[in-house]
Amino acid sequence: MAGPDAELAAKLEPEVPHAARIWNYWMGGKDNFQSDRAAGDAVAEVYPEIVVMAQQSRRFLVQAVRYLAADAGVRQFLDIGTGLPTMQNTHAVAQGIAPESRIVYVDNDPMVLVHARALLASTTSEGVTTYVHADYHDPEKILAEAAQTLDFDQPIAVMYMGVLGYEPDLAVVRSIVGRTMDATTSGSHLVLWDGTNTSPAVVSGAERLAESGGVPYILRSPEDLASCFAELTMVEPGLVPIPLWRPDDADAEGIDAYGAVARKP
């Protein structure tokens with residue numbers, strides 16, 4: 001292996017658990033190493049529902065993108081902290097409804113960048129799918145590079161799917177979300193979900209993740225997450241446990257992860 005891929009491969013650090021790969025493992029993916037599986041199993045030992053959370057997070061993404069593409073008429077998506085591609089990714093769902101949809105994925109992980117090349121090959125002929133290598137702590141860079149693909153004079157769905165807990169300061173989280181949404185026009189939407197500190201078991205799971213060498217993840221209250229939607233109009237049913245956001249199953253039960261979709265007036 002030579003060139004950019006060799007440089008990226010050198011940065012993968014297979015012996016160190018990595019969030020994107022651990023999440024890929026919980027979702028049943030193959031793009032993970034033994035260190036990731038060990039950390040994932042350590043969390044699942046004290047919080048078995050983490051696997052359900054991983055599966056439900058993808059269901060929430062699919063439901064939200066379907067709503068935005070089919071009902072809200074959104075044709076542009078900025079998916080920040082996308083993680084490793086698995087199944088029913090944002091571009092596949094959006095372009096399955098509106099083939100002309102334009103999607104920009106953002107992540108700062110070298111393994112995600114390697115896989116993005118395969119991801120980009122699956123776009124529709126009418127639409128565009130591209131990738132920005134950036135950290136969500138630098139929204140100005142993200143916005144500048146996304147503007148090469150997206151028209152910020154038209155509505156955009158900005159997505160933060162289970163990633164903001166890697167920033168320990170809630171004020172910084174609010175700033176990141178606010179600076180991103182400020183750049184969008186009326187009719188844009190914020191899609192956000194994150195783990196919540198709503199049970200002792202999930203808190204134990206987060207502690208076990210850190211003990212296993214994974215990057216610590218800050219669980220917040222639903223009220224804290226709600227503050228990220230300031231000045232936006234919630235789409236029904238509002239901020240709820242993600243299995244209860246437009247559920248497929250009438251018997252769906254809540255979990256320690258809340259999400260919502262909100263529109264910019």
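Which side chains meet in a salt bridge at 3.7 Å, N to O? Colleagues, I open with that question, and I note at once that the model before us is predicted. The answer is E45 and R208. E45 lies in helix 3, residues 34-46, and R208 lies in helix 9, so the pair ties together parts that are 163 residues apart in sequence. The two partners differ in their surroundings: E45 is exposed, at 60% relative accessibility, whereas R208 is partly exposed, at 24%.

R208 also forms a salt bridge with E211, with the closest N and O atoms 3.8 Å apart. Here both residues belong to helix 9, and they are 3 residues apart, about one turn of the helix. E211 is exposed, with a relative accessible area of 62%. Through shared partners, the salt bridges join E45, R208 and E211 into one network.

How many salt bridges does the count come to? The count is 6. One of them links E140 and R179, where the closest N and O atoms are 2.8 Å apart. E140 sits in helix 7, residues 139-146, and R179 in helix 8, residues 170-182, so this pair ties together parts that are 39 residues apart in sequence. Both ends are partly exposed: E140 has a relative accessibility of 43%, and R179 has one of 32%.

I turn next to a charged residue without such a partner. D109 is found in the loop between strand 2, residues 102-107, and helix 6, residues 110-120. D109 is buried yet has no salt bridge. Which side chain of opposite charge is nearest to D109? It is R21, at a distance of 5.1 Å; a salt bridge requires the nitrogen and the oxygen to be within 4 Å, so this pair does not qualify. The side chain of D109 does reach the backbone nitrogen of V112, at 3.0 Å. Beyond its neighbours within four places in sequence, D109 is in contact with H18, Y131 and H133.

Helix 6 offers a further point of interest, A116. This residue is buried, at 4% relative accessibility. A116 and Y105 are 11 residues apart in sequence, and their C-alpha atoms are 8.7 Å apart in space.

A second buried loop residue deserves attention. T196 is placed in the loop between strand 5 and helix 9. Is T196 buried or exposed? At 0% relative accessibility, T196 counts as buried. A polar atom of its side chain lies 3.4 Å from the backbone nitrogen of A257. Leaving out residues up to four places away in sequence, T196 touches V202, L219, R220, S221, P222, L225, D256, A257 and Y258.

Let me now describe the largest pocket. Its volume is about 970 Å³. Of the 48 residues that line this pocket, A19, G162, V163, Y166 and Y217 are the closest to its centre. Several elements each supply at least two residues of the lining: helix 2 (19-26), helix 4 (49-71), strand 1 (76-80), strand 2, strand 5 (189-195) and helix 9 (200-211). Which helix gives the most to the lining? Helix 2 does, with 6 residues. Helix 9, already introduced as the home of R208 and E211, is thus named among the contributors as well.

Finally, I come to the backbone. Most residues other than glycine have a negative phi, and most peptide bonds are trans. Where does this model depart from that pattern? E231 has a positive phi of about 70° although it is not a glycine. E231 lies in the loop between helix 10, residues 222-226, and strand 6, and it is exposed, with a relative accessible area of 75%. R246 likewise is not a glycine and has a positive phi, of about 50°. R246 is located in the loop between strand 7 and strand 8, residues 257-263, and counts as partly exposed, at 30% relative accessibility.

Which two residues are joined by a cis peptide bond? They are E236 and P237, with an omega of about 10°. P237 is found in the loop between strand 6, residues 233-234, and strand 7, residues 240-241.

To close, I would recall two points. Shared salt-bridge partners join E45, R208 and E211 into one network. D109, by contrast, is buried and has no salt bridge.

Terms used. Residues are numbered from 1 along each chain as its sequence is written. This is a predicted model: local features need pLDDT of at least 70, side-chain atom pairs count only at pLDDT 80 or more; totals for chains, interfaces and linings use all residues. Side-chain values use heavy atoms; hydrogens and water are left out. Helices (H or I, at least four residues) and strands (E, at least two) are DSSP runs, numbered from the N terminus. Buried means under 20% relative accessible area, exposed over 50%, partly exposed in between (1.4 Å probe, protein chains only). Lys and Arg count as positive and Asp and Glu as negative; His and the chain ends are not counted. A polar contact is a pair of N or O atoms within 3.5 Å; within protein, one must be able to donate a hydrogen and the other to accept it, and residues adjacent in sequence count only if both atoms are side-chain atoms. Contact means heavy atoms within 4.5 Å. On a 1 Å grid over the protein atoms alone, a cavity is a set of points where a 1.4 Å probe fits but cannot get out, and a pocket is an open set with protein on both sides within 12 Å along at least five of seven lines; lining residues have an atom within 4 Å of a point. Grid points are joined across faces, edges and corners, and a volume is the space filled by probe spheres set on the points.
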